[in-house]
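Work through the exercises below with the structure open. Try each task before reading its solution.

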Amino acid sequence: MSESNGTSVWVGDLDCCIGIGYNDDDDYDQDNDRAAQPDLLKIELDEIGELQLLAGRAISALQLYEKSIAPSEWRQAIHQSEMTIGFSSPKVLQHEGERTNSLVTRFVRGMLNLGRPYAIARYARWERLDYPSALTATLPHGISALVNQLLASEAITRRRDVDASIRAVFGSNGMDGMVAYRRTGLLQAALHRIADDTPTHPGGTKLDRNRMRAILALARLHFSTVELRLGSLEELQSLLSGYEAERAIAQRDDARITTNGRLIQGWRLRHLQPLLNLYPYSIRHGLKRALEHGSTDFDRKALVNELALAHCGIFRMRLTRNAKTLVQAQ
Amino acid sequence: MSRVYRFHGPAYLPVLADSKLLRKRKKGTVTPFYLVAADTYSITDKDGTRPIEAYQCVPGQRSLTLTKRESDLIALSNAGVQPPVVLEDLHPWLPEQRYLNDSASSFQAIKLIIHRFSRHFMFASQYCDEKWNTICNALRKKSVLDARFFTAWHLPIQDVHVLEERRLDRSVVSIDFNGMYPACMQQPFPKPSGLRLVRLDRYLSDSEVLASGLYRCIIEGPVTDSITRHNPFRSFHSGRHLRARLDEPVEVDLNEFEIEFYRRHFQSIHLVEAVISDKVVSHPLAKEVCRSFARRRNYRNQDNKALADREKYLATLMTSCAHRPARPCHTFEARDQAMGALRAEYGIDPPNDEPEVATNIWLQGRKGIKLGSQDGFTVVQGPNLRDASACFLLGQRIVARGRIVLLEMMERILNSAPGVEICYTNIDSIHFSLPTENLESELAWLESECSDALGSFKIECVTRHGLWLEPGRYWLYSDDVEKFRNRSVGDQKQPFKDHAIHVVSRQLGELHVPIRSTLRMERTMSPSRSLTADADTGLIRQRLIEVGNATTVEDVLDELEQNQQRSTPIRIAAFLDLRERMRSSRFAATKRDDDTNIM
């Protein structure tokens with residue numbers, strides 16, 4: 001005995017419905033569609049084809065797909081990159097001012113801005129700082145807020161001379177070429193001097209150790225982000241060379257720094273590195289290729305592709321992070 | 001088929017018309033204010049003048065400065081401390097106050113202004129609560145079907161059609177409606193508690209009179225040139241509101257008066273279903289807003305600009321006070337579940353080719369809905385559409401009525417003289433150009449119709465030329481700039497200011513951190529409109545990106561990038577050109593005067 005509803009038939013002996021007619025056709029169509037999908041994908045990937053990068057490198061859409069970057073995500077990344085690198089009309093660029101007038105400047109800034117929040121979070125974890133404080137330290141007036149907080153907790157009244165000496169440390173006068181680590185030393189000295197000069201305070205050596213550790217780590221983060229506000233690859237190269245030179249000096253220096261009552265070898269070396277080292281790999285690799293490009297003539301398309309590739313790296317990181325958190329939660 | 005809704009499509013809303021008792025808001029207490037004034041180096045309060053670094057928050061009181069500049073100076077000199085609130089932000093209708101750069105004088109100024117105006121002070125939230133309570137008293141209940149008015153298209157008409165009118169034989173006229181939204185509040189509204197859902201599934205007949213409510217329609221076949229050229233329908237695509245294609249059917253929720261307007265512009269209107277009410281009510285604040293408009297007119301006639309502006313401000317609050325729903329957070333185990341809820345609740349249904357990363361960008365809160373993750377869960381924050389502390393139909397119908405008033409006026413202007421070109425429309429104003437030979441008769445017609453009555457319009461300005469970059473950015477000029485607006489970067493005095501410096505305070509942990517940022521005009525220009533030269537007229541026409549059923553995300557991204565690359569530089573160049581022309585003409589005029597004096 002069987003009943004029909006037009007698309008499936010009830011077969012009593014089997015105690016189930018057997019699909020007939022349109023449903024079956026639909027199923028076959030869907031099977032065909034599924035079989036055709038890899039072909040469609042191949043066409044789509046072929047259409048995107050080879051993507052030109054800097055330093056004579058290239059990557060294919062297929063390679064991206066193998067790294068879990070779907071064509072639609074690549075398109076989105078290209079869009080974000082295009083909108084960052086923007087237009088190249090001479091009149092408008094002239095209007096915008098010299099500091100932002102080159103595509104390379106926008107590329108460098110785009111790359112550094114994209115990775116900054118990740119580097120800040122990594123630095124905060126590494127230095128055992130809370131993220132809101134780390135984020136605060138990277139803002140121009142945020143670090144002043146943190147120093148004001150420290151002074152208040154040490155019961156040091158803010159006076160005009162106190163503010164002036166703090167401002168002198170955070171100002172840019174005479175600081176050219178000085179790396180973040182050394183500038184942090186200047187802040188430390190200034191804070192000690194302020195404490196020594198405050199009659200109601202027992203002096204610089206009596207400043208709370210934990211508070212000082214945190215403020216110096218935050219100040220180094222501040223200076224590290226300031227020195228990464230760059231507008232050209234030459235400036236980036238100069239910063240990296242500066243760090244190389246500083247590290248070479250520090251390696252020759254046998255003096256060990258005492259902290260928390262212990263002697264730690266290589267303490268200075270550990271902290272003598274640019275914040276760029278904490279940036280996601282996708283950005284560091286992109287900037288490395290830009291530095292290796294070997295010519296001042298940059299193809300706009302290659303710059304856009306490099307920034308888009310960095311965006312894709314960030315997309316993947318977010319996805320992995322969400323998946324990890326989900327697994328941990330379960 | 002194109003879809004015209006707040007988001008991608010309709011939401012799955014309840015079929016049963018349960019009603020809810022509207023909930024009043026409790027009257028809050030106002031924190032007492034502590035007056036302070038500042039200049040670059042010092043602050044002054046009731047205890048005298050001292051260095052600016054000595055500023056401290058007074059417990060239990062909220063510091064208050066007269067100008068934003070003073071608050072910024074205190075914030076920048078005392079990073080970490082909560083900055084004072086600003087009197088001109090709390091009461092934007094107050095006469096413009098200049099920063100004096102002398103804290104003692106500024107302190108006298110704030111005391112004086114408080115003495116003069118304190119009895120007129122009314123805080124926005126307090127006022128809205130009060131008016132919402134009036135609405136609750138009048139309406140008592142609403143049906144949950146009111147949520148349909150939230151998902152319907154909700155924005156006023158804001159469009160630019162022409163980049164610049166520089167033709168020698170043309171003139172530009174700008175008109176402005178008087179109290180557009182208060183006038184729209186005088187119209188009937190379906191009774192919110194009496195809403196019911198009816199299935200129609202038929203075409204609109206020629207002479208049919210529809211009951212008051214919101215109709216789900218499928219409209220097809222534009223028949224007039226004006227509707228094709230000034231297409232008011234918008235579809236949500238790739239996180240933006242873009243122009244809906246009219247060469248395919250359009251699904252849209254329309255109020256009965258909108259159907260009445262569109263029926264003469266389209267071949268057919270198919271009515272699918274409707275949320276209607278057999279009874280109509282007047283807006284509970286209709287009389288009050290009318291009285292407010294009369295007061296505003298009186299104050300203006302007495303040259304009391306501050307109090308006239310106050311009435312305008314309060315009227316704006318009255319038009320929007322019914323649209324303040326609670327925004328609860330909901331947690332979902334998986335993103336798919338959250339997206340399913342967004343589809344059901346708000347009609348958010350991103351196309352398949354929109355990657356997750358792109359959806360996440362526009363779901364960061366800019367559109368009123370926030371999607372985020374926390375501890376491995378997906379969190380959604382958005383308005384509660386079944387909330388008893390909002391009634392969406394009141395606001396939606398006011399804005400919809402405003403759109404129709406503007407469209408009807410545009411139609412009349414287009415038919416009023418040959419060669420009329422609508423250049424710019426924004427909520428309650430229309431800028432159009434026409435051959436100068438027709439100007440006299442056009443002005444005679446407009447003058448015969450305009451008045452200072454509520455809902456009527458006034459002729460704002462007549463010039464020879466105009467430059468319109470985008471909504472909120474225009475310059476109407478002849479030998480000099482006569483009227484201008486430069487949204488987010490301009491002020492009332494400098495027509496060619498191209499950037500603005502803002503200080504915002506952001507709370508991070510315990511600290512309030514001032515952030516100083518520069519907004520440049522070219523960086524805040526939307527890439528949603530393209531520019532194309534019209535060989536017949538010599539004009540450069542602006543056109544919003546158009547989307548339809550077959551539009552892919554890639555199509556939209558392509559157009560956005562092209563516009564960013566090509567159109568934005570042209571706009572900036574036009575702005576710079578105008579600035580240059582105005583400067584050189586002013587220089588020439590000065591030189592002419594000098595020469596005359598010498599002779």
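The model is a predicted one.

**Exercise 1. How many bridges pair strand β24 of chain B with strand β25 of chain B, and in which sense?**

Solution.
- Locate the strands: β24(B) covers residues 421-426 and β25(B) covers residues 429-435.
- Count the bridges: there are five, and the pairing is antiparallel.
- Check one position: E421(B) has S433(B) in β25(B) as its bridge partner.

**Exercise 2. Place this pair in its sheet and find the edges.**

Solution.
- Write the order: the open sheet has five strands, β10-β24-β25-β12-β26 of chain B, with antiparallel pairing.
- Find the edges: β10 (158-160) and β26 (457-463) of chain B each have a single partner strand, so one side of each lacks a neighbour in the sheet.
- Add the twist: neighbouring strands are turned by 25 degrees against each other on average, direction ignored.
- Add the helix: α14 (residues 439-449) of chain B lies across β12 (170-177), β25 and β26 of chain B. Helix α14(B) runs at about 10 degrees to β12(B).

**Exercise 3. Which strands are the edges of the open sheet of four strands in chain B?**

Solution.
- Take the order: β11-β27-β28-β29 of chain B, paired antiparallel.
- Read the ends: β11 (164-165) and β29 (481-486) of chain B each pair on one side only.
- Inspect one edge: two bridges join β11(B) to β27(B), residues 465-470, and the two strands run antiparallel. Here E164(B) stands opposite L467(B) in β27(B).

**Exercise 4. Describe how helices α9 and α10 of chain B pack.**

Solution.
- Get the geometry: the axes of α9(B), residues 286-301, and α10(B), residues 305-320, come within 8 Å and cross at roughly 160 degrees.
- Classify the angle: angles over 145 degrees count as roughly antiparallel. The two helices, α9(B) and α10(B), are therefore roughly antiparallel to each other.
- Assign the hand: α9(B) passes α10(B) in a left-handed crossing.
- List contacts: F293(B) and Y299(B) are among the residues of α9(B) that meet α10(B), whose own contact residues include L307(B) and M318(B).
- Sort by class: this contact has eight nonpolar, one polar and six charged residues.

**Exercise 5. Which element supplies the largest share of the side of chain B that touches chain A?**

Solution.
- Set the totals: 32 residues of chain B contact 35 residues of chain A.
- List contributors: α12 (356-362), β31 (511-520) and α15 (553-598) of chain B each supply at least two residues to this side.
- Pick the largest share: α15(B) gives 11 residues.
- Sort by class: the chain B side divides into 18 nonpolar, seven polar and seven charged residues.

Technical notes: Residues are numbered from 1 along each chain as its sequence is written. Chains are lettered from A and ligands numbered from 1 in the order in which they are written. This is a predicted model: local features need pLDDT of at least 70, side-chain atom pairs count only at pLDDT 80 or more; totals for chains, interfaces and linings use all residues. Axes are lines fitted to C-alpha atoms, for helices over the stretch in contact, and angles run from 0 to 180 degrees between N-to-C directions. Angles under 35 degrees count as roughly parallel, over 145 as roughly antiparallel, 65 to 115 as roughly perpendicular and the rest as oblique. A crossing is left-handed if the near helix is turned anticlockwise from the far one by less than a right angle, and right-handed if clockwise. Two residues are in contact if their C-beta atoms, placed from the backbone, lie within 7 Å. Ala, Val, Leu, Ile, Met, Phe, Trp, Tyr, Cys and Pro count as nonpolar, Asp, Glu, Lys and Arg as charged, and the others, Gly among them, as polar. Two strands pair if DSSP finds at least two bridges between them.
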